Amino acid sequence: MAYIESQQAQRPPWHGGIWGARLWGVLGTLKDGLADLMRQAVLVRSVARCPEDALVEHGGELGWPQAPGETTLEYRARLGRAWEFASSAGTAAGLIAALNAVGFSNVEVREALDPTWGRYAGASRQRWFAVVIRHPHPFGTDFSFRWGDGTTYGSGKTYGFTGDPRLVELLRRLVRRMTPAHARCHEIILVLSGNITDGTGTLADGDKVAMGDAVAYLIP
């Protein structure tokens with residue numbers, strides 16, 4: 001029973017009449033409002049049940065912003081895995097899982113300690129690694145003039161690749177967040193077309209295979 005109803009049944013005889021009914025009606029309305037706010041507060045605490053606008057606050061507090069194009073349902077599910085990601089932070093598997101969760105399904109972590117990856121030679125680079133991302137991804141297959149009117153080089157134009165710049169920033173942020181304190185992600189290697197040399201154990205690893213290949217090297 002709502003308070004606005006129960007309060008009327010509980011009011012004492014000396015509060016009878018129209019003014020007593022109004023007084024206890026107001027008290028019931030206030031209690032119903034407080035009860036509703038308390039129910040909402042309980043729901044807001046839960047990522048699985050909170051209103052959509054509260055997801056933004058949860059994501060900000062957890063350090064997992066919503067990805068461009070990510071639906072509310074997908075975002076809610078990803079935030080529900082926040083503790084899973086936190087427990088695997090600092091591992092290659094955790095970093096890959098975090099990027100998989102925002103749509104990058106073809107990700108590798110190539111470490112200097114792996115003898116088949118020779119890009120980072122020398123004792124001072126033993127803790128370096130690269131994140132290699134291949135298609136499918138939303139960044140296109142070539143480089144072009146994308147800023148401004150998207151046609152020619154000039155004032156306000158930048159030579160780059162397609163894709164939402166917010167997704168580039170999210171990619172960098174997730175890599176930084178999942179990188180262990182003792183290691184350094186030197187670059188995110190984004191393969192747009194063709195491929196990179198991999199597995200030679202030489203400095204050529206991570207370079208384009210052919211002149212026509214398009215590869216973006218992002219600094220995290």
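**View 1. Glu108 is partly exposed in this predicted model.** Its relative accessibility is 29%. The side chain of Glu108 meets that of Arg134 in a salt bridge, 2.5 Å from N to O. Glu108 lies in strand 1, while Arg134 lies in the loop between strand 2 and strand 3 (143-145), so the pair ties together parts that are 26 residues apart in sequence. Arg134 is buried, at 15% relative accessibility. The contact thus joins a partly exposed acid, Glu108, to a buried base, Arg134.

**View 2. Arg110 and Asp114 form a salt bridge.** Their closest N and O atoms are 2.9 Å apart. Arg110 is buried, with a relative accessibility of 9%. Asp114 counts as partly exposed at 26%. Because the cut-off for buried is under 20%, Arg110 falls inside that class and Asp114 falls outside it.

**View 3. A salt-bridge network links five residues: Glu108, Arg110, Asp114, Arg134 and Asp198.** The pairs of the two previous views belong here: Glu108 with Arg134, and Arg110 with Asp114. Asp198 is also a member of the network. Across the structure the count comes to ten salt bridges. Side chains of opposite charge can pair when their charged atoms come close.

**View 4. Arg81 and Glu84 make another salt bridge.** The closest N and O atoms are 2.9 Å apart. Glu84 is partly exposed, with a relative accessible area of 41%. Arg81 is also partly exposed, at 31%.

**View 5. The peptide bond from His135 to Pro136 is cis.** Its omega is near 10°. Pro136 sits in the loop between strand 2 and strand 3. Arg134, the partner of Glu108, lies in that loop too.

**View 6. Four strands form an open sheet with mixed pairing.** The strand order is 1-2-5-6. Strand 1 (107-111) and strand 6 (214-218) are the edges, each pairing on one side only. Neighbouring strands are turned by 20° against each other on average, direction ignored. Strands of a sheet pair through backbone hydrogen bonds, either parallel or antiparallel.

**View 7. Strand 2 and strand 5 pair in the parallel sense.** Strand 2 covers residues 128-133, and strand 5 covers residues 184-193. Six bridges hold this pairing. Ala130 stands opposite Glu187 of strand 5.

**View 8. Strand 5 and strand 6 run antiparallel.** Five bridges join them. Ile188 has Leu218 of strand 6 as its bridge partner. Four of the five residues of strand 6 are buried, so this strand is largely enclosed by the rest of the structure. Strand 6 is also an edge strand of the sheet.

**View 9. Leu23, Val26, Leu27 and Leu30 make a nonpolar surface patch.** The patch is about 340 Å². Leu30 belongs to helix 2 (residues 17-44). Leu30 is exposed, at 52% relative accessibility. The cut-off for exposed is over 50%, so Leu30 meets it.

**View 10. Cys50 and Cys185 are both buried.** Cys50 has a relative accessible area of 3%. Cys185 has one of 11%. A search of the whole structure finds zero disulfides. A disulfide is a covalent bond between the sulfur atoms of two cysteines.

**View 11. Gly94 is buried in helix 6.** The helix spans residues 92-100. Gly94 has a relative accessibility of 1%. Gly94 and Gly212 are 118 residues apart in sequence. In space, their C-alpha atoms are 33 Å apart.

**View 12. Gln66 lies in the loop between helix 3 and helix 4.** Helix 3 covers 52-62, and helix 4 covers 72-79. Gln66 is partly exposed, with a relative accessible area of 36%. Gln66 and Arg11 are 55 residues apart in sequence. Their C-alpha atoms are 50 Å apart in space.

Conventions:
Residues numbered from 1 in each chain as written. Predicted model: local features only at pLDDT ≥ 70, side-chain atom pairs only at ≥ 80, totals over all residues. Heavy atoms only, no water. Patch = residues over 30% accessible without salt bridge, like charges linked within 9 Å, V, L, I, M, F, W, Y side chains within 5 Å. Areas by Shrake-Rupley, 256 points an atom, 1.4 Å probe, with all protein chains shown as cover. Salt bridge = Lys/Arg side-chain N within 4 Å of Asp/Glu carboxyl O. Helix = DSSP H or I, 4+ residues; strand = E, 2+ residues; numbered from the N terminus. Buried < 20%, exposed > 50% of the residue type's maximum accessible area, 1.4 Å probe, protein only. Disulfide = S-S within 2.5 Å. Pairing = 2+ DSSP bridges. Axes fitted to C-alpha atoms, helices over the stretch in contact; angles between N-to-C directions.
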